[in-house]
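Morning, everyone. One structure today, and a quick walk through it. Here it is.

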Amino acid sequence: MPEGHSPGSGAAKDQGPRVQSRKSLDQSGQGRKHQDRSGRGRKAQDQRGREQRDQGKGDQDRILQVKKLCHRLCPDCVGRKRRGEHRDLLSQRPHWSVLRREEQHRQIDLGERVPFDIALPLPAKDRGFADTAEGIELFREMFSCQRCGRCCFTPGAGLMLEKGDYERISRFLGSRKKLRALCRYDRQEGVWILKQPCPFYDRSMGCTIYPVRPLTCTQYPLHPPLKEMPFHLAVDAFCPAARSLAKETLGWWIICENNWARLLQNMDSPRFPARTYRDREMTADL
Ligand code: SF4
Ligand code: SF4
């Protein structure tokens, strides 16, 4: 997949859309209208601004904490989604995934032209714990590659070869020289970059090095989690099968959101298990 479709270029919000283009991310700091030009008014306004920013940051920290806890404390969320429990919840209260379905789909479809990633309502694997692969397992069960080859033949800046990819593919080709001719070396990063469109893609046969393809290709369309949703799987919106899956699972967010609301309510309870996890490493992977 082209490097141009790199992770982290999109973002997910806590409510509503789970996709956001880079352009709309950049539009956050708009100028204030009706500015009070007197000194006292400006001071009061600055103070209010500071308080709002502090409040906003505090809220963001709490929500991030809740997402971390949700990742560890709601282990059955994958089972509940697998069983389709979101349907009952959706029939009980209005939800953006139903009310704004068309708008959501339109945003997701922008992935055809604009590079961004989409967070999925599935937990990423937690590096600190061995038993958190259910999210990826369900993703793999549901993801159905359309074999369109877009991730292989679309021109891009190149595909970075991970440690081990270079040796494995060279052995498969029977020559390091052959592979070198298809790559460029990035001195700054110290890595080999496979040129794009991928020279190993054949329109009729597909990937001609499939058994030894680069690690990135084996994981595609999964990308590292988004900064705003660091404990959820993220996919490249460029992939049509990933876009279909993102649409199909929009309603699953109601299960996540209910869990988050419950955790937020309980957060200040002295018996809340947050204390158990407060000091543990909480980092998630694909
Ligand atoms: S559906 Fe996605 S993963 Fe499959 S070939 Fe197309 S772009 Fe690649
Ligand atoms: S190595 Fe194979 S799977 Fe990876 S981009 Fe090239 S053709 Fe596609």
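Let's start with the surface. The protein chain exposes about 16800 Å², and carbon and sulfur atoms supply 49% of that area. Keep in mind that this is a predicted model. The chain has 286 residues, and 42% of them count as buried. In secondary structure, we have 14 helices and ten strands. Now the contacts. Take those with a sequence separation of 6 or more: 77% of them join residues 24 or more positions apart.

On to the inside. Which residues have the most contacts inside the largest nonpolar core? They are Phe139, Leu233 and Trp253, in a core of 42 residues. Several elements give two or more residues to this core: α2 (39-73), α3, β1, α7, β9, α12 and α13 (253-266). The largest share comes from α13, with six residues. Another core lies apart from this one. That one has eleven residues, among them Leu159, Ile169, Cys183 and Val212.

Let me zoom in on α7. Four residues in α7 are buried: Gly135, Ile136, Leu138 and Phe139. Down the helix axis, the buried residues of α7 fall within an arc of 165 degrees, so they line one face of the helix. The general background is simple. An α-helix has 3.6 residues a turn, so residues three or four places apart point the same way. What covers that buried set? The cover includes α3, β1, β2 (125-126), β8, β9 (232-236) and α12.

Phe139 deserves its own moment. Setting aside neighbours within four places in sequence, Phe139 is in contact with Leu120, Leu122, Pro221, Leu222, Leu233, Val235 and Leu245. Pick up the last name on that list. Leu245 is found in helix α12. Is Leu245 buried or exposed? Leu245 counts as buried, at 4% relative accessibility. With the same kind of neighbours left aside, those within four places, Leu245 is in contact with Leu120, Phe139, Met142 and Phe143. Look at Phe143 in particular. Leu245 and Phe143 are 102 residues apart in sequence, yet their C-alpha atoms are 6.7 Å apart in space.

Next, charges. How many salt bridges does the structure hold? Ten. I'll show three pairs and a network.

Pair one is Glu141 with Arg82. Their closest N and O atoms are 2.6 Å apart. Glu141 lies in helix α7 (residues 134-142) and Arg82 in helix α3 (residues 77-82), so the pair ties together parts that are 59 residues apart in sequence. Glu141 is exposed, at 52% relative accessible area. Arg82 is partly exposed, at 44%.

Pair two is Asp109 with Lys247. Their side chains meet in a salt bridge at 2.7 Å, N to O. Asp109 sits in helix α6 (residues 101-109) and Lys247 in helix α12 (residues 240-248), so this bridge ties together parts 138 residues apart in sequence. Both ends are partly exposed: Asp109 has a relative accessible area of 33%, and Lys247 has 23%.

Pair three is Arg150 with Glu112. Here the closest N and O atoms are 3.3 Å apart. Arg150 lies in helix α8 (residues 150-153) and Glu112 in the loop between α6 and β1 (117-123), so the parts tied together are 38 residues apart in sequence. Glu112 is partly exposed, with a relative accessible area of 40%.

And the network: Asp76, Arg80, Arg83 and Glu85 are linked by salt bridges.

Last topic, the backbone. Most residues other than glycine have a negative phi, and most peptide bonds are trans. Three spots here are worth a look against that background.

Where are the cis bonds? One joins Gln196 and Pro197, with omega at about 0 degrees. Pro197 has its place in the loop between β5 (191-194) and β6 (201-202). Another cis bond runs from Tyr220 to Pro221, with omega near 10 degrees. Pro221 is found in the loop between α11 (215-219) and β8 (222-223). You have met Pro221 already: it is in contact with Phe139.

The third spot is Arg147. Its phi is near 55 degrees, a positive value in a residue other than glycine. Arg147 sits in the loop between α7 and α8. Arg147 is exposed, with a relative accessible area of 70%.

That's the tour. Over to you for questions.

Conventions. Residues numbered from 1 in each chain as written. Chains lettered and ligands numbered in written order. Predicted model: local features only at pLDDT ≥ 70, side-chain atom pairs only at ≥ 80, totals over all residues. Heavy atoms only, no water. Salt bridge = Lys/Arg side-chain N within 4 Å of Asp/Glu carboxyl O. Buried < 20%, exposed > 50% of the residue type's maximum accessible area, 1.4 Å probe, protein only. Contact = heavy atoms within 4.5 Å. Areas by Shrake-Rupley, 256 points an atom, 1.4 Å probe, with all protein chains shown as cover. Arc of directions from axis to C-beta. Core = buried A, V, L, I, M, F, W, Y, C linked by side-chain atoms within 4.5 Å.
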